[in-house]
Structures are given as C-alpha cells and as structure tokens.
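Let's take a walk through a protein together, one piece at a time. Keep the picture beside you and turn it as you read.

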Amino acid sequence: MKIKSSSRPWFVGTLLFALLALAAVLLPGRSALLLFPNGQADAAVSAFFEALEAGDYAAAAALCSPALPAEDPPAEKDAALVYEALCESRHWLGCESTERSGNRAVVTGQLRSLDLAALSEGLNEDVNAALAQRVSSARLGSEIYNDDGSYRDEVVSSVWTEVLSARLAHADDYCAVSSLRIDLIYRDGRWLVLADEALMRALAGGAA
C-alpha cells in the first residue's frame, strides 16, 4: 500500500517509537537510549583524569565501570612517599581520537606519570654508596654495624629514605608518557570508563 505524503511524518514517528520499544524488550536492564548515546566519550575520559589530578579519587572511581577499588595510602613511610609522588605526577595530556560503536567507545590519548621502573633503576647502588659515606663519617663502628658486622636496621632504613627522597625531589626526571587506549560503555545515561588491566597498570606507575 502506498503511503500518502501527508502521513509520512506520523508513520516515521511511529516506526521510531516501535524500534525504541523493541530495544527496551531485547536489551533487558539497558535503556533504549543506548541507540542514541548522549554526551561525548572523550569528555568522560577527561573528567575521569581531572578528578584524579584533583585528588578526588572517589569521584574518579564513580566514573568507572566497575568502580575503581578503594585506594588507601600505604602505611609504610617509603611506600607512602612514592604513592604521594605517583598521585601528584598523573597528568592527562588530552584525548587524541574517539571511536564509537553503539554503546561502546574507545578513546586514545596519553598519560604522563611517575615511572616506578625508572625510579627504581640504580637505587640499590645509590643506597650502597650512601651507606659507604655513612661508614666513612662515623666516629664509632657501633653507630653503623651490629655485633655480627651487619648494618644496623635503622641505619639502612635512614639511608634508604634519604636516597629515595632525593630522587622524589626531582620526580619529573623519572616520569614517562604512556599511550593509552581507554574503553568506555554507555550505561544509565552516561559514558563510563572501563577500568581494565592496562589502565590500572598505567595508574600504578607501570609506564607502557
């Protein structure tokens, strides 16, 4: 049957409504808006990193699916120093490209952050050199050594913290830029970052 031109707007509107209703039936637990995602995926990625850089971990976690695991600063002093430097070093350099297919999207970009492998490289050698300096400047051997000739734990701990702190004072020298491919999903009316292994490794200082 030929449809009169005057009835076409009504027909098209009815067809779209039917398609949306069908999507709601075939995709249980998902909104029919998945056919027409609102907002920009790259804006969601930028918001995620802005929250991280502002130190608002809870806000960043809420922009992910699943939510990022709880993150508490380590209690051990040296680990806490590294954790703080890592958090402060994270800087998203911006989105480079965005690809979208249905309720999925991929955003590529670069993250600059502390590279723990670079920070650790040669650290033991520097600690040993600092220990040798302590030995040469000590008035008594008992200030450095235990009765069995091993270094006193407090001396090693002090030197280790001293060397690590010196490196962290120039944390920029140990930063690296990682290229990231960030997957997102459109759910409940917004884009959410999929916190996969590659993203978590980058956030933990494992530069690509």
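Before we look at who faces whom, one term is useful: two strands are said to pair if DSSP finds at least two bridges between them. Keep in mind, too, that this is a predicted model.

Start with the overall plan. The protein has eight helices and five strands. If you follow the chain from the N terminus, the elements come in the order α-α-α-β-α-β-β-α-α-α-β-β-α. Of its 208 residues, 31% count as buried. Among contacts between residues at least 6 apart in sequence, 66% join residues at least 24 apart.

Now find the sheet. Its five strands form an open sheet, with mixed pairing, in the order S1-S5-S4-S3-S2. At the edges are strand S1 (64-65) and strand S2 (91-101), each of which pairs on one side only. As a general point, strands of a sheet pair through backbone hydrogen bonds, and they can do so in a parallel or an antiparallel way.

Strand S5 lets you see both kinds of pairing. With S1, S5 runs parallel, and two bridges join them. With S4 (residues 175-187), S5 (residues 190-194) runs antiparallel, and here four bridges make the link. Try locating Val193 in S5: Cys64 stands opposite Val193, and Leu184 also stands opposite Val193. Another facing pair is Arg187 and Arg190, the latter in S5. Is S5 mostly covered or uncovered? It is mostly covered, as four of its five residues are buried.

How does the chain get from S4 to S5? The two strands form a hairpin with two residues between them. In that turn, Asp188 has a positive phi of about 55°.

Next, visit strand S2, where Arg100 lies. Is Arg100 buried or exposed? Its relative accessible area is 52%, and residues over 50% count as exposed, so Arg100 is exposed. Arg100 and Ile185 are 85 residues apart along the chain, yet their C-alpha atoms are separated by 9.7 Å.

Let's turn to the helices. Helix H7 (residues 153-168) gives us a small calculation to check. At 1.5 Å a residue, its 16 residues should span 22 Å, and the end C-alpha atoms are indeed 22 Å apart, so the two values agree. Several residues of H7 are buried, including Val155, Val159, Val163 and Leu164. What covers the buried residues of H7? The cover includes helices H4, H5 (116-120) and H6 (123-137), together with strand S3.

H4 deserves a look of its own. In general, two packed helices are described by the angle between their axes and the distance between the axes. The axes of H4 and H7 come within 10 Å and cross at roughly 5°. Angles under 35 degrees count as roughly parallel, which means that H4 is roughly parallel to H7. Where they meet, H4 contributes Lys77, Asp78, Leu81, Val82 and Ala85, while H7 contributes Trp160, Thr161, Leu164, Ser165 and Leu168. Sorted by class, this contact has six nonpolar, two polar and two charged residues.

Finally, bring helix and sheet together. H4 (residues 77-89) packs on the sheet, where it touches S2, S3 (104-114) and S4. The direction of H4 makes about 125° with that of S3. With H4 you have thus found a helix that meets both H7 and the sheet.

Key
Residues numbered from 1 in each chain as written. Predicted model: local features only at pLDDT ≥ 70, side-chain atom pairs only at ≥ 80, totals over all residues. Heavy atoms only, no water. Contact = heavy atoms within 4.5 Å. Axes fitted to C-alpha atoms, helices over the stretch in contact; angles between N-to-C directions. Expected span 1.5 Å × (residues − 1). Buried < 20%, exposed > 50% of the residue type's maximum accessible area, 1.4 Å probe, protein only. Parallel < 35°, antiparallel > 145°, perpendicular 65-115°, else oblique. Nonpolar A, V, L, I, M, F, W, Y, C, P; charged D, E, K, R; others polar.
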